[in-house]
Amino acid sequence: MTYLKWGIIIGFWLSVGAFFHYTLPQRDVVRIVNTYEERQDLSDWTRLFWSIPDDQSESLVNRDVQFIQAVTPDGEARVYRNEDTGWNWPPYFKFDTANLYTEANDAISTKDAPQWYAVTHYGWRNIYWSVFPNAVGIKAVSGPDASFIPWVNIIILTIFFAIVWAVWVRWRRFRRARIDPVLEDVGGSFADAGDAIAERRGRLSRWLGTWKSKPKR
């Protein structure tokens, strides 16, 4: 039972961590090298990795998607999709896909004369399932070593863990005040009942022993 309990707890917190890692904004410092548009098939189980900015998108099996290609200072390739999120989850309320596409085109630079940008995005990249993070904004930075403090992530995670802590503390108080006394009473009742049954069995055994024939001397 202990292994099952810890398995559930670990699985729960891994799911919470994956949820926040996918949803919260991240920033990459990159050099934008190209933008393009490509038609993507939306399969049933990978649809959750694509935005659904309107109700009509739910019935589509494929659609044209804009992409932004970039390279990190270390030379690693980065590919971002550029889709509106609308009023759906996650709540980035992105409606400016066309503007961002224009900004990305204007930000294209070469290796000989690089211009560095911070691309804010959410989501994951998986080359086997054709999953791409969604870019929600780009901003020019001073150079490839630019760094940022993730204030939004810090605030959201602080609020989340504060709520978890408050719920846990109140649950502990409720359990000590209401549940533990009941369990102790039930446990005491079972123990008393067991002692009473054992005593009655002893009396019955002694009474039955009086009916046994005694050995002759």
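## Reading the rings, helix and core

Student: Which residues form one aromatic cluster here?
Tutor: Phe12, Trp13, Phe19, Phe20, Trp89, Phe160 and Phe161 form it. Keep in mind that this is a predicted model.

Student: How many aromatic pairs does the structure hold?
Tutor: There are 16 aromatic pairs. One of them joins Tyr92 and Tyr122.

Student: What makes the pair of Tyr92 and Tyr122 stacked?
Tutor: Let's set the values against the cut-offs. The ring centres are 4.8 Å apart, and a pair needs centres within 6.5 Å. The planes make an angle of 10°, and planes under 30 degrees apart count as stacked, so the pair earns the word.

Student: Which parts does that pair tie together?
Tutor: Tyr92 lies in the loop between E3 and H2 and Tyr122 in strand E4, so the pair links parts that are 30 residues apart in sequence.

Student: Are Tyr92 and Tyr122 buried or exposed?
Tutor: Tyr122 has a relative accessible area of 2%; buried means under 20%, so Tyr122 is buried. Tyr92 comes to 23%, which falls between the 20% and 50% limits, so Tyr92 is called partly exposed.

Student: Why is Thr97 called buried?
Tutor: Its relative accessible area is 11%, and the limit is under 20%, so the label fits. Thr97 belongs to helix H2, and its contacts include Gln66, Asn82, Glu83 and Asp84.

Student: What are the buried residues of H2, and how do you know that they line one face?
Tutor: In H2, residues 97–106, they are Thr97, Leu100, Tyr101 and Ala104. Looking down the helix axis, these buried residues fall within an arc of 105°, so they line one face. The face turned away from them carries the exposed residues Ala98, Thr102 and Asp106.

Student: What makes E2 and E3 a pair of strands?
Tutor: Pairing takes at least two bridges, and E2 (residues 62–71) and E3 (residues 77–82) have six, in the antiparallel sense, so they qualify. Gln69 stands opposite Val79 in E3. The two strands form a hairpin with five residues between them, and Gly75 in the turn has a positive phi of about 90°.

Student: What makes up the largest nonpolar core?
Tutor: Twelve residues, among them Val30, Ile68, Leu100, Tyr117 and Ile138. E1, E2, H2, E4 and E5 each supply at least two residues of this core.

Student: What makes Arg27 sit over the ring of Phe148?
Tutor: Its charged end is 5.1 Å from the ring centre, and the distance limit is within 6 Å, so the distance condition is met.

How values were computed. Residues numbered from 1 in each chain as written. Predicted model: local features only at pLDDT ≥ 70, side-chain atom pairs only at ≥ 80, totals over all residues. Heavy atoms only, no water. Buried < 20%, exposed > 50% of the residue type's maximum accessible area, 1.4 Å probe, protein only. Helix = DSSP H or I, 4+ residues; strand = E, 2+ residues; numbered from the N terminus. Arc of directions from axis to C-beta. Core = buried A, V, L, I, M, F, W, Y, C linked by side-chain atoms within 4.5 Å. Contact = heavy atoms within 4.5 Å. Phe/Tyr/Trp six-rings, centres within 6.5 Å; stacked < 30°, edge-to-face > 60°. Lys NZ or Arg CZ within 6 Å of the ring centre and 35° of its normal. Lists of a residue's contacts leave out its neighbours within four places in sequence.
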